[in-house]
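Biologist: I'd like to learn how to read strands, helices and chain contacts from a set of coordinates. Could you walk me through an example?

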Number of protein chains: 2
Amino acid sequence: MKACQMMEKEFVYVSKDDTIVDVSIKMEEFKRFTVPVLDDSMKLQGWATSLDITKGLRESKTYMYEIMHGIDEIKVVHKDEPAKNVVIDTSELKLLNLPIIDDNDKVIGVVRPFDIIDTMSDLYDVKVYKIYEAMQEQLKGISWEELMNASAKVTTRTTGIPVTAEQYEANIRKATFGDAIWATGGLESFFAGLISVGELVIAQRVANARK
Amino acid sequence: MKACQMMEKEFVYVSKDDTIVDVSIKMEEFKRFTVPVLDDSMKLQGWATSLDITKGLRESKTYMYEIMHGIDEIKVVHKDEPAKNVVIDTSELKLLNLPIIDDNDKVIGVVRPFDIIDTMSDLYDVKVYKIYEAMQEQLKGISWEELMNASAKVTTRTTGIPVTAEQYEANIRKATFGDAIWATGGLESFFAGLISVGELVIAQRVANARK
């Protein structure tokens, strides 16, 4: 995944010659706490947060160029960089808005923390039965019933609480990967459980083939 | 995971009788774009963002109670609610700061988007070899070499690019779960690959037992 796949293409920006009062009204209107300052060709000239604005208003400054941060203070990410870099920069520098630039240094979008949370949530929201479907497809010749029976057995053995194949299936139709991770206590345990199921169905297939 | 496991216990808050100017200076100092307004017993009375502050300064208001949002407009989460609710609220309502309350309605912390990103990143940052270690532990009697050999075979078969067991091991020592998800194209594909490896080592073990 690239940085540009996470960005918002519609974003609010201002000019260095705008007045601080006008910018404050614009930021309130669009509920933006930080804004890039761009020139006419969409190149980055500076940056301001609503905290720079409060200070500017208090100190009776007039224009954005009086209060904006210079480009040397601004972190930018190129559109083709890995999305992971956006996550690291946002998290480490506590950025509310990270500008994404193209090959000509033009700002083509911004990433906000919410964009990152939404992207990461997509992974958490994968339904567990989708993983089972991938597993069934991989293990050619294993039926969905065999998989559910094996899962119910493994779960009963691990938790000590009897579960039927039907109950198990109902659970994984509802549960997301995020639920499963949190319920089993971590990624490694979740996968260990799945591998355990895989092992059981394979062993049963071998046993059946020998009959 | 509970909401309170994600929250920051040290947070900035203000009183409704504080002046807007004092609060603006405090918010700039601590780089906070939103602040809860609490009474002496730490109960929530209101909320303000730096955008409310810019408006208040522009309109020459004096005290926080003149500009703060009332508690009916504020989303709060109880400390024992699932962390997932915090993620959903933050993402849907684009919250920069979500107050966490205890049984007595006292604010005991706040969650910022960065806290969520950090928590989610922990999952992405699990090294892939940790998942293999869990797999090896689960598949009793399978050696690490067998696992790496099988993985190299499956990868060579899937990608068409020859990979040795040593190269494969070097890769998974460096790569994170996030890298793997993005490289294989999704959670289901990543897991299908792991199952494929599990299937191969189990088949080999069965074949060896027959010799």
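Modeller: We will go through the sheets, then the helices, then the contact between the chains. Keep in mind that this is a predicted model.

Biologist: Let's begin with sheets. In what order do the strands β1, β2 and β3 of chain A lie, and is the pairing parallel or antiparallel?

Modeller: The order is β1-β2-β3 in chain A, an open sheet of three strands with antiparallel pairing. β1 (34-38) and β3 (69-70) of chain A each have a single partner strand, so they are the edges, and one side of each has no neighbour in the sheet.

Biologist: How many bridges join β1(A) to β2(A)?

Modeller: Five bridges link β1(A) with β2 (residues 44-49) of chain A. To follow the register, look at individual partners: A:T34 lies opposite A:T49 in β2(A), and A:V37 has A:G46 as its bridge partner. The hairpin of β1(A) and β2(A) has five residues between the strands, and A:M42 there adopts a positive phi near 70°.

Biologist: And on to β3(A): how many bridges pair it with β2(A)?

Modeller: Two bridges, again in the antiparallel sense. A:W47 has A:H69 of β3(A) as its bridge partner.

Biologist: Now the other sheet. What kind of pairing does the sheet of β4, β5 and β6 in chain A have?

Modeller: Its pairing is mixed, and this open sheet of three strands has the order β4-β5-β6 in chain A. β4 and β6 of chain A are the edge strands, each pairing on one side only. To see where the mixture comes from, take the two pairings in turn. β4 (residues 77-78) of chain A pairs with β5(A) in the parallel sense over two bridges, and there A:V77 is opposite A:I100. On the other side, β5(A) and β6 (residues 107-111) of chain A run antiparallel and are joined by four bridges.

Biologist: Which residues can I use to check the register of β5(A) against β6(A)?

Modeller: Try A:I101, which stands opposite A:V107 in β6(A), and A:L98, whose bridge partner is A:V111. The hairpin here has five residues between β5(A) and β6(A), with A:D105 at a positive phi near 65°.

Biologist: How should I think about the two faces of a strand?

Modeller: In a regular strand, side chains alternate between the two faces of the sheet. For β5 (residues 98-101) of chain A, that puts A:L98 and A:I100 on one side and A:P99 and A:I101 on the other. These four residues are all buried, which leaves both faces of β5(A) covered.

Biologist: On to helices. How do I describe two that pack together?

Modeller: Two packed helices are described by the angle between their axes and the distance between the axes. In chain A, α7 (residues 144-159) and α8 (residues 165-174) pack at about 95°, with axes 8 Å apart. At that angle, α7(A) and α8(A) are therefore roughly perpendicular. The residues in contact are A:E145, A:M148, A:N149, A:S151, A:A152 and A:T155 from α7(A), together with A:A165, A:Y168 and A:E169 from α8(A). Sorted by class, they come to four nonpolar, three polar and two charged residues.

Biologist: At what angle do α7(B) and α8(B) cross?

Modeller: Roughly 95°, and the axes of α7 (residues 144-159) and α8 (residues 165-174) of chain B come within 8 Å. That angle makes α7(B) and α8(B) roughly perpendicular. The contact of α7(B) with α8(B) divides into four nonpolar, three polar and two charged residues.

Biologist: What about a single helix? How far does α10(B) reach from its first C-alpha to its last?

Modeller: α10 (residues 187-210) of chain B spans 35 Å with 24 residues, close to the 34 Å expected at 1.5 Å a residue. Many of its residues are listed as buried, among them B:F190, B:F191, B:L194, B:I195 and B:V201.

Biologist: Finally, how many residues does each chain give to the contact between A and B?

Modeller: Chain A gives 50 residues and chain B gives 51. On the side of chain A, the elements giving two or more residues include α1 (20-30), α5 (113-124) and α10 (187-210) of chain A. The largest share is from α10(A), with eleven residues. By class, the side of chain A that touches chain B consists of 29 nonpolar, ten polar and eleven charged residues.

Notes
Residues numbered from 1 in each chain as written. Chains lettered and ligands numbered in written order. Predicted model: local features only at pLDDT ≥ 70, side-chain atom pairs only at ≥ 80, totals over all residues. Expected span 1.5 Å × (residues − 1). Buried ≥ 20, exposed ≤ 12 C-beta atoms within 10 Å, placed from the backbone. Pairing = 2+ DSSP bridges. Axes fitted to C-alpha atoms, helices over the stretch in contact; angles between N-to-C directions. Parallel < 35°, antiparallel > 145°, perpendicular 65-115°, else oblique. Contact = placed C-beta atoms within 7 Å. Nonpolar A, V, L, I, M, F, W, Y, C, P; charged D, E, K, R; others polar.
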